[in-house]
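Please read the following walk through the fold with the coordinates open beside it, moving from the overall architecture to individual sheets, the core and a few loop positions.

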Amino acid sequence: MKIFSPKVTIAGGRRHTVAVKSDGTVMAVGDNKCGQCNINGWSDIVSVAAGNVHMATNTGNSHTIGLKSDGTVEAVGWNKHHQCDVNDWRDIQAVAAGWSRTVGLRSDGSVVAVGRNTEGQCDVGGWSDMVAITAGDWHTVGLKSDGTLMAVGNNRNSQCNVNGWFDIIALAAGTNKHNQCKVSDWRDIVAVAVGSYHTIGLKSDGTVAAVGLNKHGQCNLHDWHDIVSVAAGCAHTLGLKSDGTVVSVGDNEYGQCNVDDWGCI
């Protein structure tokens with residue numbers, strides 16, 4: 001089965017940022033309360049994910065996931081709900097991380113998940129024919145090869161009402177409270193990312209659109225250009241430029257936006 005989930009080279013968590021370098025090692029900045037930035041020994045990483053916590057939750061608890069080139073998975077950080085217990089995973093082609101949860105997409109199109117499951121957000125055992133996955137705070141979404149979606153978990157804000165969607169080629173999951181769903185007029189979008197209360201869209205010309213809560217300036221990216229990839233933390237936004245450098249705006253209380261000295265990743 002052809003998995004067309006793009007490899008994620010930058011990711012934002014609740015209060016930290018991680019990025020994969022061209023040599024397969026990983027860089028991290030920000031809050032390290034739970035060891036979520038302890039990635040110095042990682043190697044052969046091709047994609048990363050950072051566990052997010054709802055912005056309203058006053059906690060830095062988070063975790064970081066790294067997908068290796070051999071299909072195995074690394075994990076560090078908060079593990080109260082066993083969201084880092086991925087040592088026995090094999091043949092993984094993509095990873096996603098939500099609040100207290102880790103999701104993995106296998107090459108055969110099946111999905112695995114570990115972590116908090118109080119609202120059924122890990123009930124993906126019966127999924128098949130998947131080509132991409134994403135994890136919101138309390139719900140999980142999968143993209144099937146026919147362009148339709150599956151969703152499980154909290155549906156309090158109708159975030160799992162995707163049965164009528166079709167022709168989907170990419171997906172992202174967050175929450176919905178501050179107009180972050182007002183994207184109907186967006187055009188020429190090639191990638192999307194979501195934080196707790198904001199939505200980011202990468203346009204084909206390398207510029208970026210944003211809607212939602214802007215309390216920390218996380219949507220102040222109108223002057224960004226030459227962007228090839230985007231990511232969103234809880235209240236900060238990341239962009240990877242064509243020259244390999246990373247730009248960031250938004251909440252920087254824990255240094256999660258201090259990426260200027262990373263150089264080309």
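The protein, seen here as a predicted model, contains 18 strands and 0 helices. Its C-alpha trace extends over about 45 × 45 × 35 Å along the principal axes, and its radius of gyration of 17 Å agrees with the value near 18 Å that a compact globule of 265 residues would have. Of these 265 residues, 54% are buried. When contacts between residues at least 6 apart in sequence are considered, 44% of them join residues that are at least 24 apart.

Strands of a sheet pair through backbone hydrogen bonds, in either a parallel or an antiparallel arrangement. Towards the start of the chain, three strands form an open sheet in the order β1-β2-β3, and their pairing is antiparallel. Because β1 (10-12) and β3 (26-30) are the edge strands and each has a single partner, one side of each is left without a neighbour in the sheet. From one strand of this sheet to the next, the twist averages 15°. The pairing between β1 and β2 (residues 16-20) is antiparallel and runs over 3 bridges, with I10 standing opposite A19 in β2.

Another open sheet of 3 strands has the order β10-β11-β12, again with antiparallel pairing. Here the edges are held by β10 (130-135) and β12 (149-153), each of which has a single partner strand, so that one side of each lacks a neighbour in the sheet. Neighbouring strands are turned against each other by 15° on average, direction ignored. Within this sheet, β11 (residues 139-144) pairs with β12 in the antiparallel sense over 5 bridges, and H139 is found opposite G153 in β12.

We turn next to nonpolar packing. In soluble globular proteins, nonpolar side chains tend to be buried together. The largest nonpolar core of this model comprises 12 residues, namely A193, I200, L202, V208, A210, C219, L221, W224, I227, V230, A232 and V249. At least two residues of this core are supplied by each of β14 (198-203), β15 (208-212) and β16 (227-232), and the largest share, 3 residues, comes from β16. One of the core members, A210, touches W186, T199, I200, C219 and L221 when residues up to four places away in sequence are not counted.

Two loop positions complete the picture. Is S62, which lies in the loop between β4 (45-50) and β5 (63-68), buried or exposed? Its relative accessible area is 2%, and because residues under 20% count as buried, S62 is classed as buried. A polar atom of the S62 side chain lies 2.3 Å from the backbone oxygen of G51. Leaving aside residues up to four places away in sequence, S62 touches G13, R14, H16, C34, Q36, G51, N52, G77 and W78, and among these H16 belongs to the residue range of β2.

The other loop position is G109, located between β8 (101-106) and β9 (111-115). With a relative accessible area of 0%, G109 is likewise buried. The C-alpha atom of G109 is separated by 8.7 Å from that of A132, although the two residues are 23 residues apart along the chain. A132 falls within β10 (130-135), an edge strand of the sheet described above.

Terms used. Residues are numbered from 1 along each chain as its sequence is written. This is a predicted model: local features need pLDDT of at least 70, side-chain atom pairs count only at pLDDT 80 or more; totals for chains, interfaces and linings use all residues. Side-chain values use heavy atoms; hydrogens and water are left out. Two strands pair if DSSP finds at least two bridges between them. Helices (H or I, at least four residues) and strands (E, at least two) are DSSP runs, numbered from the N terminus. Axes are lines fitted to C-alpha atoms, for helices over the stretch in contact, and angles run from 0 to 180 degrees between N-to-C directions. Buried means under 20% relative accessible area, exposed over 50%, partly exposed in between (1.4 Å probe, protein chains only). A polar contact is a pair of N or O atoms within 3.5 Å; within protein, one must be able to donate a hydrogen and the other to accept it, and residues adjacent in sequence count only if both atoms are side-chain atoms. Contact means heavy atoms within 4.5 Å. A nonpolar core is a set of buried Ala, Val, Leu, Ile, Met, Phe, Trp, Tyr and Cys residues joined through side-chain atoms within 4.5 Å. The radius of gyration is taken over C-alpha atoms; the globule rule is 2.2 Å times the number of residues to the power 0.38.
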